[in-house]
Amino acid sequence: MNLFKIISDIEQIDPEVSERYSFYSRRNLLKFGSNLVAAGIPAIVAGSLNKALAQSGAPSAAAVATLQFALTLEYLEDEFYRMGLAASGLIPAADTKVIAQISKHEAAHVALLKGALGTAAPAKPTFKYPTGTFTSYATFLATARALEDTGVAAYKGQAGELINDKAILTTALQIHSVEARHASEVRRILGLKGWVSDPAQTTFTQGGVALKTLPNTTGFTDDSFREAFDEPLTKAAVLAIAAPFLG
Amino acid sequence: MKKQQEEVSLGMLPGQLEPVRVGRRLFLRYAGAFATGGAILASCKNGEENPTTVMAPVDLGSGDVSILNYAYALEQLEAAFYTQVIATPYSGMTDAEKTLLTDIRNHEIIHREFFKAALGANAIAALTPNFTTITFTDRSSVLNTAKAFEDLGVSAYNGAGSLIKDVNYLALAGKIVSVEARHAAAIRDLLNPKSADFAGDDIVAPATGLDKADAPSVVLPIAQTYVKTQITATNLPK
């Protein structure tokens, strides 16, 4: 199994998706809840997700696909940090607390998403890592930065897919901002700013508003305008970035 | 007009305050500012005639506009705070800290002005901050306030996302919330470098790895303690 296959599967099954996910019957709704409990998910989270299911009958096909996509990214992040922490002599003692905290969150995200998806959860793919990932700390950190910034952009890019699944949207947003905290910290360890200035952003326009002519911004650099808005990535763009990790 | 103004403004004053008699001169100034749709706050700053603040409450409105105004209110608060931080640096502020805090100030000003422009005629008035609890000369006071504001902003956007109907507004909120989260991590790292605090167990639930998501009814009373202008939000979507 690889990322591309998961995604193409999801896209191809669109017509039958309601049938394919008909496990969200009443019986499986209960199973969904028990999965969350088994995964150690606090009842309040399980409750809110189940409430959303109860209200809508089932999560939309778009929401299921988004959660599967998210789980695959979380699998990668989770394994990456666990391998990094296990690699002898890789992470300096001074940075261990930071990396361990990130790793803890990624493991929690995997458990949360697996629990939420139940039988619809894809298996963990086999990942591969570029040479030096776990022997050079610089390479490890650079990879961490890429994964975190991509994770932020990936969740952001899928938010619209969840607009009709309110409880799932909220949960996704709560993961999204944690990835952003991670990204900021990893960037700062690398000696970078915690925020992203994407040189590809040349329009300086958001939501139809021309940023550079806004009042009270005289003297602000292009970087400030770019950094103030984190840009999303489409699924396809995320997959292209994830490609080197696919086994 | 006069009667209506008094009812609205007095009715919304915080509970313990005695009703305030608005002097004729102040009222004229107040009403004039109201009529021109803007700088009520400028007149309120000059309070020698009436030591009790009389300020028009602002209501966030309803529907997506109310959520955008909610965000605008929070961005106003953050922008005003960091503007003061940079204008009167705390003692011992390093160059690196000044660069970082100036970046954040600029982002928050851009967010504020963006919302104002996007809302157009629907935008709430400028809010008057109340920073009396903050010691701007003290690093710990400033950075701990910054941490509280950034964490509050993240939880507010996370909690408001599901209240937004228009997918384009949701996308914009998404573009901003992660910037606030990046700020929060950086500020937390300044307070306790290279610890777990950048995404500490106090703000990211360890069992789920989830950041906070708070409803406006939770966020606004906290924000209100830093804003003199009374903010009302009776018609927000639920």
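Let's start at one residue, B:S155: setting aside neighbours within four places in sequence, B:S155 is in contact with B:K212, B:A213, B:D214 and B:V219. You will find B:S155 in helix 6 of chain B, which covers residues 139-160. Is B:S155 buried or exposed? Its relative accessibility is 2%, and buried means under 20%, so B:S155 counts as buried. Before I go on, please keep in mind that this is a predicted model.

Let me step back to the chain around that serine. Chain B has 8 helices and 2 strands. Reading from the N terminus, the order of its elements is α-α-α-β-α-α-α-α-α-β. Chain B has 238 residues, and 55% of them count as buried. If you take the contacts in chain B between residues at least 6 apart in sequence, 77% of them join residues at least 24 apart. As for the outside, the accessible surface of chain B is about 10100 Å², with 55% of that belonging to carbon and sulfur atoms.

Another residue of chain B to look at is B:V204. This valine sits in the loop between helix 7 (167-191) and helix 8 (216-224) of chain B. Which residues does B:V204 contact, leaving aside neighbours within four places in sequence? From chain A there are A:H105, A:V178 and A:R181, and from chain B there are B:A199, B:G209, B:L210 and B:D211. B:V204 is buried, with a relative accessible area of 0%.

Now over to chain A. Here we have 10 helices and 2 strands, and from the N terminus they run α-α-α-α-α-α-α-α-β-β-α-α. Of its 247 residues, 54% count as buried. Among contacts in chain A with a separation of 6 or more, residues 24 or more positions apart account for 80%. The accessible surface of chain A comes to about 10400 Å², and carbon and sulfur atoms make up 57% of it.

Next, the core. In soluble globular proteins, nonpolar side chains tend to be buried together. In this model, the largest nonpolar core has 116 residues, and those with the most contacts inside it are A:F140, B:F81, B:L101 and B:F114. Which element gives this core its largest share? That is helix 4 of chain B, residues 63-87, with 13 residues. Apart from the largest core there is another one, of 5 residues, including A:F69, A:A154, A:V238 and A:L239.

Let's stay with helix 4 of chain B for a moment. From its first C-alpha to its last, this helix of 25 residues reaches 36 Å, close to the 36 Å expected at 1.5 Å a residue. Helix 4 is mostly covered, with 19 of its 25 residues buried. As for B:F81, leaving out residues up to four places away in sequence, this phenylalanine touches B:F131, B:I134, B:F136, B:V142, B:T145, B:A146 and B:F149.

In chain A, have a look at helix 5, residues 61-86. Its 26 residues reach 37 Å from the first C-alpha to the last, close to the expected 38 Å. Because 20 of those 26 residues are buried, helix 5 of chain A is largely enclosed by the rest of the structure.

That brings us to the rings. Over all chains, a search of the whole structure finds 20 aromatic pairs. Take A:Y81 and A:F140: their ring centres are 6.2 Å apart and their planes stand at 85°, so the pair is edge-to-face. A:Y81 lies in helix 5 and A:F140 in helix 7 (residues 137-158) of chain A, so this pair ties together parts that are 59 residues apart in sequence. A:Y81 is buried, at 0% relative accessible area, and A:F140 is buried at 0% too.

A second edge-to-face pair is A:Y129 with A:F245, at 6.1 Å centre to centre and 65° between the planes. This pair links distant parts of the chain, 116 residues apart: A:Y129 is in the loop between helix 6 (96-117) and helix 7, and A:F245 is in the segment after helix 10 (235-242). Both A:Y129 and A:F245 are buried. Ring pairs join A:F80, A:Y81, A:Y129, A:F134, A:Y137, A:F140 and A:F245 into a cluster.

Finally, two lysines over rings. The charged end of A:K212 sits over the ring of A:F204, 4.1 Å from its centre. A:K235 lies over the face of A:F69, 5.3 Å from the ring centre.

Notes
Residues are numbered from 1 along each chain as its sequence is written. Chains are lettered from A and ligands numbered from 1 in the order in which they are written. This is a predicted model: local features need pLDDT of at least 70, side-chain atom pairs count only at pLDDT 80 or more; totals for chains, interfaces and linings use all residues. Side-chain values use heavy atoms; hydrogens and water are left out. A nonpolar core is a set of buried Ala, Val, Leu, Ile, Met, Phe, Trp, Tyr and Cys residues joined through side-chain atoms within 4.5 Å. Buried means under 20% relative accessible area, exposed over 50%, partly exposed in between (1.4 Å probe, protein chains only). Helices (H or I, at least four residues) and strands (E, at least two) are DSSP runs, numbered from the N terminus. Contact means heavy atoms within 4.5 Å. The expected span of a helix is 1.5 Å times one less than its number of residues. Accessible areas come from the Shrake-Rupley method with a 1.4 Å probe; for residues, only the protein chains shown count as cover. Rings of Phe, Tyr and Trp (its six-membered ring) pair if their centres lie within 6.5 Å; planes under 30 degrees apart count as stacked, over 60 as edge-to-face and the rest as tilted. A charge sits over a ring if NZ of Lys or CZ of Arg is within 6 Å of the ring centre and within 35 degrees of the ring normal.
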